[in-house]
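Visitor: I have a structure open and would like to go through it with you. Could you take my questions as they come?

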Amino acid sequence: MQRTISISLMLLVILIAGPRSGLPKQAPTWHDYDSGIKLAKKTKKPVVVDFYAEWCKWCKVMDEKTFNDPDVAKKLVKDYICIRIDTMSNKTLNFKNHRLTPQQFAQITGATGLPTVLFMDSDENIITRIPGYIDKNVFYPLLGYINDKCYLKNVSFEDYKNGKIKCGR
């Protein structure tokens with residue numbers, strides 16, 4: 001009788017917790033600029049730079065809803081080097097052999113508001129900059145578009161996103 005109750009309780013806990021509970025969630029590793037660029041050069045992976053500040057509400061929403069979406073996170077981990085830059089920090093970074101504050105780097109790259117996402121190739125060349133919150137349903141195909149280097153093939157993001165043109169490697 002006691003064994004039946006124990007088994008019933010275990011089953012109840014599993015049902016309530018769900019099958020994915022306790023499994024590690026894949027999340028991107030966010031690097032500082034210098035270590036991230038060094039890793040990008042070594043792996044030849046493109047770079048996602050997230051400009052943020054602790055006080056920025058939409059930065060937090062983007063972190064929670066976009067970057068931590070399971071599909072987005074998996075693609076970031078697999079195909080990108082992720083760099084996060086706190087625009088309020090005084091820690092300098094080395095951009096193309098120039099020591100810059102985060103504010104100077106944001107200004108040079110055109111990041112005028114938060115959040116802003118900057119895509120770069122592994123040689124620190126800017127691919128594109130996107131200001132404001134980006135929904136996961138836009139960001140996920142954008143990751144494929146950048147990783148497949150569609151921007152070099154004059155393929156529009158809309159055509160890529162709508163499946164009209166494939167430009168895989």
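Visitor: Which residues does Tyr145 touch, not counting residues up to four places away in sequence?

Guide: Tyr145 touches Cys150, Tyr151, Val155, Ser156, Phe157 and Tyr160, with that sequence window left out, where contact means heavy atoms within 4.5 Å. Please keep in mind that this is a predicted model, in which local features need pLDDT of at least 70, side-chain atom pairs count only at pLDDT 80 or more, and totals for chains, interfaces and linings use all residues. Residues are numbered from 1 along each chain as its sequence is written, and side-chain values use heavy atoms, with hydrogens and water left out.

Visitor: Cys150 is on that list, so what does a disulfide join Cys150 to?

Guide: Cys150 is joined to Cys167, with an S to S distance of 1.6 Å; a disulfide here is a pair of cysteine sulfur atoms within 2.5 Å. The torsion about the S-S bond of Cys150 and Cys167 is about 70°, so this disulfide is right-handed. The pair links distant parts of the chain, 17 residues apart, with Cys150 in the loop between α6 (136-147) and α7 (157-161) and Cys167 in the segment after α7. Helices (H or I, at least four residues) and strands (E, at least two) are DSSP runs, numbered from the N terminus.

Visitor: Are Cys150 and Cys167 buried or exposed?

Guide: Both Cys150 and Cys167 are buried, a label that means under 20% relative accessible area, against over 50% for exposed and partly exposed in between (1.4 Å probe, protein chains only).

Visitor: How many disulfides does a search of the whole structure find?

Guide: The search finds 2 disulfides. Cys56 and Cys59 form a disulfide with their sulfur atoms 2.4 Å apart, their link is right-handed with 80° about the S-S bond, and both residues are buried. Counting bonded cysteines along the chain, the pattern is 1-2, 3-4.

Visitor: Back to Tyr145 for a moment: which residues touch the most other members of the largest nonpolar core?

Guide: That core has 21 residues, and Val48, Leu76, Val117, Phe119, Phe139, Leu143 and Tyr145 are the ones that touch the most other members. A nonpolar core is a set of buried Ala, Val, Leu, Ile, Met, Phe, Trp, Tyr and Cys residues joined through side-chain atoms within 4.5 Å. The largest share of this core, 5 residues, comes from α6. A second, separate core of 17 residues includes Tyr33, Phe51, Leu93 and Leu118.

Visitor: Changing topic, where does Glu124 lie?

Guide: Glu124 lies in the loop between β6 (116-120) and β7 (126-131), and because its relative accessibility is 5%, Glu124 counts as buried.

Visitor: And what does the side chain of Glu124 make a polar contact with?

Guide: The partner is the side chain of Tyr33, at 2.7 Å, while the Glu124 side chain also reaches the backbone nitrogen of Lys96 at 3.3 Å. A polar contact is a pair of N or O atoms within 3.5 Å; within protein, one must be able to donate a hydrogen and the other to accept it, and residues adjacent in sequence count only if both atoms are side-chain atoms. Beyond residues up to four places away in sequence, Glu124 touches Tyr33, Ile37, Lys41, Asn94, Phe95 and Lys96.
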